[in-house]
Amino acid sequence: QAKMDGRGSYRYYSDEFTRAARERIDLSARLRRAIEADALEVHYQPQYNVEDGRLLGAEALLRWTDPELGPISPGRFIPLAEQTGLIVELGGWVLRRVIEQGHRWRAAGYPPIRLAVNVSALQFQRVPIDQQVGQLLEDFEFPADQLELEITESALMADPSRARRILQRLRERGVHFAIDDFGTGYSSMAQLKRFPVDTLKIDKSFVDGLAEDDAAGSADDRSIARSIVGLGHGLGLTVLAEGVETAEQLAVLRELGCDHYQGFYASRPVPTLEFEALLTSAPGTPSP
Ligand code: C2E
Ligand code: MG
Ligand code: MG
Ligand code: MG
């Protein structure tokens with residue numbers, strides 16, 4: 001149909017296209033500079049035990065504020081970093097930053113918690129993550145079982161036998177694995193049990209409707225959450241709900257037997273110092 005649009009609209013389309021492309025090039029140049037200048041930050045969102053509210057760990061989440069453009073969300077720059085290949089550097093930067101931070105917290109005498117780091121699909125495919133992570137654990141003398149890597153079903157399914165080998169190697173050292181956004185992908189039970197994973201993270205989209213009395217989707221969301229808990233427990237896995245925003249959602253999750261949760265109800269992702277305050281007030285903490 002493009003021919004029939006006439007010269008004006010073709011040019012318009014072409015200008016739009018150029019503008020979008022230029023914007024992406026500009027943004028990735030800024031991101032590259034931010035990585036080089038160490039100008040990115042990691043925030044930590046605490047994860048809790050559903051039953052007794054104990055603080056168990058935290059998910060590390062990247063934060064980027066460009067000096068001119070302001071804060072840019074990971075939902076925007078992670079896909080861009082994947083398209084440009086920057087994700088390899090970016091992913092390495094996050095792993096190092098988090099493991100280094102974990103080392104500092106240990107040295108300062110904070111109680112042991114598990115730190116979860118997101119690994120993007122492309123990063124998982126491109127980088128020999130087992131070697132990279134193994135090296136960092138040695139460099140910082142960080143206990144492997146205090147590190148959890150979050151991967152998505154699609155990252156595992158792209159090349160299942162390679163994925164299995166990589167997970168196996170890290171699992172032997174003690175590293176934990178969580179499947180992120182579980183329920184939104186395509187893995188079958190048969191495939192799932194062949195990966196050495198520890199945790200299923202119920203995607204926020206199923207948590208949203210959990211406690212809405214008369215919303216059409218809420219019965220569905222409850223059945224889905226119940227199924228994931230059943231599947232996880234059937235395979236001997238821990239089940240964590242993400243994106244818990246209300247006391248009512250938490251109550252339903254408790255009823256369903258969900259093990260762990262994170263979400264704005266308990267805390268947003270917070271900067272390092274704020275997270276230290278949470279760690280300090282957690283029971284069993286010696287005053288540092
Ligand atoms: P994700 O790994 O599923 O992370 C959970 C996202 O949900 C985070 O968004 C978090 O801030 C948000 N969230 C947590 N609790 C709640 C809640 O109660 N309500 C709402 N509305 N949101 C909640 P964020 O930080 O914007 O990150 C978005 C996605 O970007 C992440 O999804 C992850 O896929 C990716 N990402 C973030 N940091 C990294 C990173 O360091 N490496 C990689 N590869 N990906 C990252
Ligand atoms: Mg995650
Ligand atoms: Mg998630
Ligand atoms: Mg998500």
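This is a short tutorial dialogue on reading metal sites, a helix pair and buried residues in a predicted model.

User: Let's start with the metals. Which residues coordinate the magnesium ion (ligand 2)?

Analyst: To read a metal site, look for the protein atoms that act as donors to the ion. Here Glu59 (OE), Asn118 (OD1), Glu150 (OE) and Asp180 (OD) coordinate the magnesium ion (ligand 2), at 2.0 to 2.2 Å.

User: How are the donor residues of the magnesium ion (ligand 2) spaced in sequence?

Analyst: Their pattern reads E-x58-N-x31-E-x29-D. Two of these donors show how distant parts of the chain are linked: Glu150 belongs to strand E5 (residues 147–152) and Asp180 to strand E6 (residues 176–182), 30 residues apart.

User: Are Glu150 and Asp180 buried or exposed?

Analyst: For this, compare the relative accessible area with the cut-off: a residue under 20% is called buried. Glu150 has 1%, so it is buried. Asp180 has a relative accessibility of 9%, so it counts as buried too.

User: What are the protein donors of the magnesium ion (ligand 3)?

Analyst: They are Asp180 (OD), Asp181 (OD), Glu242 (OE) and Glu242 (OE), and they lie 2.1 to 2.5 Å from the ion. Glu242 appears twice in that list. Along the chain, the donors follow the spacing D-D-x60-E. Asp181 sits in strand E6, while Glu242 is in the loop between strand E8 (238–241) and helix H11 (247–256), so this pair ties together parts 61 residues apart in sequence.

User: How do the accessibilities of Asp181 and Glu242 read?

Analyst: Asp181 has a relative accessible area of 26%, so it is partly exposed. Glu242 has 10%, so it is buried.

User: Which residue bridges the magnesium ion (ligand 2) and the magnesium ion (ligand 3)?

Analyst: A bridging residue appears among the donors of both ions, so compare the two donor lists. In this model the bridge is Asp180, and the two ions lie 4.0 Å apart.

User: Now the helices. At what angle do helix H5 and helix H7 pack?

Analyst: For a helix pair, read the angle and the separation of the axes together. Helix H5 (residues 129–139) and helix H7 (residues 160–173) pack at about 20°, with their axes 9 Å apart. An angle under 35 degrees counts as roughly parallel, so H5 is roughly parallel to H7. The crossing of H5 past H7 is right-handed.

User: Which residues in H5 and H7 meet?

Analyst: On the H5 side they are Ile129, Asp130, Val133, Gly134 and Glu138, and on the H7 side Ile166, Arg169, Leu170 and Arg173. Sorted by class, this contact has 4 nonpolar, 1 polar and 4 charged residues.

User: Could we look at Leu137 as well? Which residues does Leu137 touch?

Analyst: When reading contacts, it helps to set aside sequence neighbours. Leaving out residues up to four places away, Leu137 touches Ile99, Phe142, Ala144, Leu147 and Val175. Leu137 is placed in helix H5, and its relative accessibility of 5% makes it count as buried. The C-alpha atoms of Leu137 and Leu147 are separated by 9.1 Å, and the two residues are 10 residues apart along the chain.

User: One more, please. Where is Ile72 found, and what does it touch?

Analyst: Ile72 is in strand E3 (residues 70–72). Leaving out residues up to four places away in sequence, Ile72 touches Leu27, Trp64, Asp66 and Phe77. Ile72 counts as buried, at 6% relative accessibility. Leu27 is 45 residues from Ile72 along the chain, and their C-alpha atoms are separated by 9.7 Å.

Methods. Residues numbered from 1 in each chain as written. Chains lettered and ligands numbered in written order. Predicted model: local features only at pLDDT ≥ 70, side-chain atom pairs only at ≥ 80, totals over all residues. Heavy atoms only, no water. Donors = N, O, S within 2.8 Å, 3.2 Å for Na, K, Ca; no water. Helix = DSSP H or I, 4+ residues; strand = E, 2+ residues; numbered from the N terminus. Buried < 20%, exposed > 50% of the residue type's maximum accessible area, 1.4 Å probe, protein only. Axes fitted to C-alpha atoms, helices over the stretch in contact; angles between N-to-C directions. Parallel < 35°, antiparallel > 145°, perpendicular 65-115°, else oblique. Left-handed = near helix turned anticlockwise from the far one by under 90°. Contact = heavy atoms within 4.5 Å. Nonpolar A, V, L, I, M, F, W, Y, C, P; charged D, E, K, R; others polar.
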